[in-house]
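Colleague: I should like to learn how to read side-chain contacts and surface features from a set of coordinates. Could we work through one example together?

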Amino acid sequence: MGTPVEGVALLSQLPPVVLAILVVMVVIWSGVLLGAVKWLLSRYHESLEKRDVQILDSIAKISSAQEKTDKCVADLEKELVRDYVRREDWIRGWVTVEAKLDAVYARIDEVKEKVYEQRN
């Protein structure tokens, strides 16, 4: 193996036709390599585009599901407020009824005592 200077000297000794063929072969090989790189990059680009579409579809589905969930939560909050107030109202009403029943029972006991005292 020689030095690079010897390689250049060797190329200068080749006939012009052989040198032209070598240059054409290098150009063709470079074109093949560039074509292969371009093809690989285009396939990669297509796969990225497909993936982008899938991601956008997923985002749309998630967004739709989130809107439905938000609506359900808002509805549940409305029901909770309504039911909680109803429960408080029922308790308040029942306490009133119990107080009135206690007053009626107390009055009945008073009447019983008066009747019992009148008999004795």
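Modeller: Let us begin with two tryptophans, W90 and W94, which both lie in helix 2 (residues 16-119), four residues apart, about one turn of the helix. Please keep in mind throughout that this is a predicted model.

Colleague: How many aromatic pairs does a search of the whole structure find?

Modeller: The search finds one aromatic pair. The ring centres of W90 and W94 are 6.1 Å apart and their planes stand at 0°, so the pair is stacked. The reasoning rests on the cut-offs: centres must lie within 6.5 Å, and planes under 30 degrees apart count as stacked.

Colleague: How should the exposure of W90 and W94 be read: buried, partly exposed or exposed?

Modeller: The class follows from relative accessible area, where over 50% is exposed and under 20% is buried. W90 has 55% and is therefore exposed, whereas W94, with 41%, is partly exposed.

Colleague: Let us turn to charged contacts. How many salt bridges does the structure hold?

Modeller: There are three salt bridges. The criterion is a side-chain nitrogen of Lys or Arg within 4 Å of a carboxyl oxygen of Asp or Glu. K71 meets it with D75, their closest N and O atoms being 3.3 Å apart. D89 and R92 are likewise joined, at 3.1 Å from N to O, and R107 bridges to E110 at 3.2 Å.

Colleague: Where do the partners sit along the chain?

Modeller: K71 and D75 are both in helix 2, four residues apart, about one turn of the helix. D89 and R92 are three residues apart in helix 2, so about one helical turn separates them. The spacing of R107 and E110 in helix 2 is also three residues, again about one helical turn.

Colleague: And what is the exposure of these partners?

Modeller: K71 is exposed at 53% relative accessible area, while D75 is partly exposed at 30%. In the next bridge, D89 is partly exposed at 39% and R92 is exposed at 51%. R107, at 49%, is partly exposed, as is E110 at 40%.

Colleague: Which residues make the nonpolar surface patch?

Modeller: The patch covers about 770 Å² and is made by L11, V17, V18, L19, I21, L22, V23, M25 and V27. Helix 2 contributes the most to it, with eight residues; M25 is in that helix.

Colleague: How far apart in space are L34 and T69?

Modeller: Their C-alpha atoms are 52 Å apart, for a sequence separation of 35 residues. L34 belongs to helix 2 and, at 60% relative accessibility, counts as exposed.

Key. Residues numbered from 1 in each chain as written. Predicted model: local features only at pLDDT ≥ 70, side-chain atom pairs only at ≥ 80, totals over all residues. Heavy atoms only, no water. Phe/Tyr/Trp six-rings, centres within 6.5 Å; stacked < 30°, edge-to-face > 60°. Buried < 20%, exposed > 50% of the residue type's maximum accessible area, 1.4 Å probe, protein only. Patch = residues over 30% accessible without salt bridge, like charges linked within 9 Å, V, L, I, M, F, W, Y side chains within 5 Å. Areas by Shrake-Rupley, 256 points an atom, 1.4 Å probe, with all protein chains shown as cover.
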